[in-house]
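Got the structure open and not sure where to begin? Let's walk through it together, one piece at a time.

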Amino acid sequence: MQTLETTKTKSSKKPDNSLSGIAGQQRVIIKNVEPQVDHNHFSVKRTVGESVDVYADIFADSHDKVYALLLFKKVGDKTWQEVPMNPIMNDRWTGTFIPKSTGFYEYTILAYIDHYASWQYGLRKKFEAGQDISVEMLIGAEMLEKMAKQCQGSDQKKLKEYAKSFRDTSAENIEVAVARALSDEATQLATKCVNRSHATHYHQTVNVEVERKKALFSTWYEFFPRSTAREEGKHGNFQTAAKILPRVAEMGFDVVYLPPIHPIGKKHRKGLNNALSANPGDPGSCWAIGSDEGGHKDIHPELGTMKDFQDFVWKAGELDIEIALDIAFQCAPDHPYVKEHPQWFKWRPDGTVQYAENPPKKYQDILPINFETEDWQNLWMELKSVIAFWVSMGIKIFRVDNPHTKSFKFWQWCIKEIRSENPEVIFLAEAFTRPRVMEWLAKTGFTQSYTYFTWRNNPYEMREYMLELAKGPMRNYFRPNFWPNTPDILTPDLVHGGESAHIMRLILAATLSSNYGLYGPVYEFGINHPYPGKEEYIDSEKYEVKHWDWNAETRIKEIITIINQVRKDNPALQSTWNVTFAEVQNDSILAYAKKDEESGNIMFMVVNMDSFNTQSAYLKMPMYELGMNFEKPYRLEDQISGAHYTWQGEWNFVELNPYQIPAHVFKVIQD
């Protein structure tokens, strides 16, 4: 008896040309594949060991069973690795792979009609209904015999044995044959030896860029090396800055970010508090880069030599700290580029070069680079060489100043070029600008991004923003880095809320985002004097050398040290994406949990975002979302105060006095 699969129909007619190019025997449809960024125009972002959870709509005509595989490999590898996909509901399927090393990966999907599984389904129903299945068993035997021709060795032998047993449909053997037909071993053999010639392949491969773990979990501390001298009135250098590093390491930071370390322009140098003219001895803004002493590949003479810098980087490495340098692609009027490459700048009709402006503000000490220059190719190559130079000096992390004022296409090209040779390099985008612009910069390749965290001032705003970052499409390309302050930003919350606000914002930044940073030592000292009418510090360190008491101890510094250690000890706080918000019966309190699935570590944070008043509330522990047992009590160990509590069930009571401590950071333990 011939089966439908082996029947051939002869026709004297020539094939219709309209049928050419149609894969008529491919019956499976694959669509709505996620994750991908802008229809695969940009790469999905992950870090080593971080799962890529792939979803797709996969279906076919009729009631036949579908089998789907997730295929992935590192770019350049010849062999695809395969992971079975599983149906969720409504023809939505999912599969996961975990990249083991940095670099560029790609994935795709293959799916086909699973004739053996379809046959098994029908066989089971007919057998359980007591129907005659002798023909069904012969169909199964033929199917396995065909598969056996495609296999070798023991697999081929086993398939033939199964097929032979199916052909014995005697009453005494039928139950055994059916059991064998439905067995896991038969299913696995059929899956292994199936003919995939009619399989549907997703129409493209999706790109994934995998970075090192520090891209996802890092703790930043910013300070000015020129303000590290112990003697009043002295200019600090890399040798004095190296003496600060043990203090930073003790506080638990693993990245030290330095503002620009290059020669500072002398023409139109800014004075204290951004005054238009400098007095003798004023150091100027270090973002006004370049003078007769050098440019972007040189070090300010008062900071030391290149050897001093390398010694500083080495000392940091001994303390498990990486140095991050500022990349500010702009020039002082006396930067060597202005004389050597005038075509890289805009010139006004009066013969002067165009300086930076943000009316009514004028920045005569800074010249923007003209990315529309006819000489753009040489410009791009030179700017890329600046980053490559510092990479050769041992720098693997860069904070990029105002990247949104430079060409998007330049960043996309430059970052890919740098990371193709040095995949460990991390780029942080300092772009406090419009949302779509910030998102586009992240898509072009920036590893991490500054955010609007600084201006989210109540639980509702913070919760909505976190859901946007962690649970929406941005999760696949935008890694937030939360900063409560910067040299440019001092929010009213910190000004008016004092110490309690500093502690509250620290805890929020450090436990909501797995990447966060502080500008110190003003933060741990609680310095919060604003420039009148502005959200920035008066007597800004941007324009003067400061003399700090680096040995000073403060309560804020103590809490910073505790929180950074808690982050290191608890894997749940080492990801941004695992946040789950709790229901709270008070609009001033934000409560949220994080769980690390691999270790089972659970952290639960309760934060009073009112810096002036004690707030209390009943709140609901998200036990279901965290996989907790509703019948058992659980312990909460406060990682700041050391207090222990036992809770039972979902709803419990909290009270937080901001002048004592504005937050609980609980470790949750359930036996």
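What follows is a short tour of some packed helices, the nonpolar cores and one asparagine. Keep in mind as you look that this is a predicted model.

Let's start with a pair of helices. Find H2, which covers residues 134-148, and H3, which covers residues 153-167. Their axes lie 8 Å apart, and the angle at which they pack is about 165°. Angles over 145 degrees count as roughly antiparallel, and H2 and H3 are therefore roughly antiparallel to each other. Their crossing is left-handed. So who meets whom here? On the H2 side you'll find, among others, Met137, Leu138, Ala141, Leu144 and Met147, and on the H3 side there are residues including Leu159, Tyr162, Ala163 and Phe166. Sort the residues of this contact by type and you get 10 nonpolar, two polar and four charged.

Now stay with H3 and look for another partner, helix H4 (residues 174-181). The axes of H3 and H4 come within 9 Å and cross at roughly 145°. This crossing, too, is left-handed. From H3, the residues Glu161, Tyr162, Ser165 and Phe166 meet Ala177, Arg180 and Ala181 of H4. That contact is made up of four nonpolar residues, one polar and two charged. Tyr162 and Phe166 are worth a second look, as they turn up in the contact with H2 and again in the one with H4.

Next, let's go inside. In soluble globular proteins, nonpolar side chains tend to be buried together. Here, the largest nonpolar core has 155 residues, and those that touch the most other members are Ile58, Ile109, Phe223, Phe309, Trp390, Phe398 and Leu508. Which helix gives the most to this core? That's H14 (residues 492-512), with 11 residues. Zoom in on isoleucine 58: leaving out residues up to four places away in sequence, the ones it touches include Val28, Ile30, Met85, Trp93 and Ile109. Asp91 is on the list of its contacts as well. Apart from the largest core lies another one, of 23 residues, among them Leu123, Phe166, Ala186 and Ala190. Yes, that's Phe166 of H3 again.

Last stop: asparagine 570, in the loop between helix H16 (555-569) and strand S22 (579-581). Is asparagine 570 buried or exposed? The cut-off for buried is under 20% relative accessible area; asparagine 570 has 2%, so it is buried. Setting aside neighbours within four places in sequence, asparagine 570 is in contact with Asn601, Met603, Gln639 and Lys667.

Note on methods:
Residues numbered from 1 in each chain as written. Predicted model: local features only at pLDDT ≥ 70, side-chain atom pairs only at ≥ 80, totals over all residues. Heavy atoms only, no water. Axes fitted to C-alpha atoms, helices over the stretch in contact; angles between N-to-C directions. Helix = DSSP H or I, 4+ residues; strand = E, 2+ residues; numbered from the N terminus. Parallel < 35°, antiparallel > 145°, perpendicular 65-115°, else oblique. Left-handed = near helix turned anticlockwise from the far one by under 90°. Contact = heavy atoms within 4.5 Å. Nonpolar A, V, L, I, M, F, W, Y, C, P; charged D, E, K, R; others polar. Core = buried A, V, L, I, M, F, W, Y, C linked by side-chain atoms within 4.5 Å. Buried < 20%, exposed > 50% of the residue type's maximum accessible area, 1.4 Å probe, protein only.
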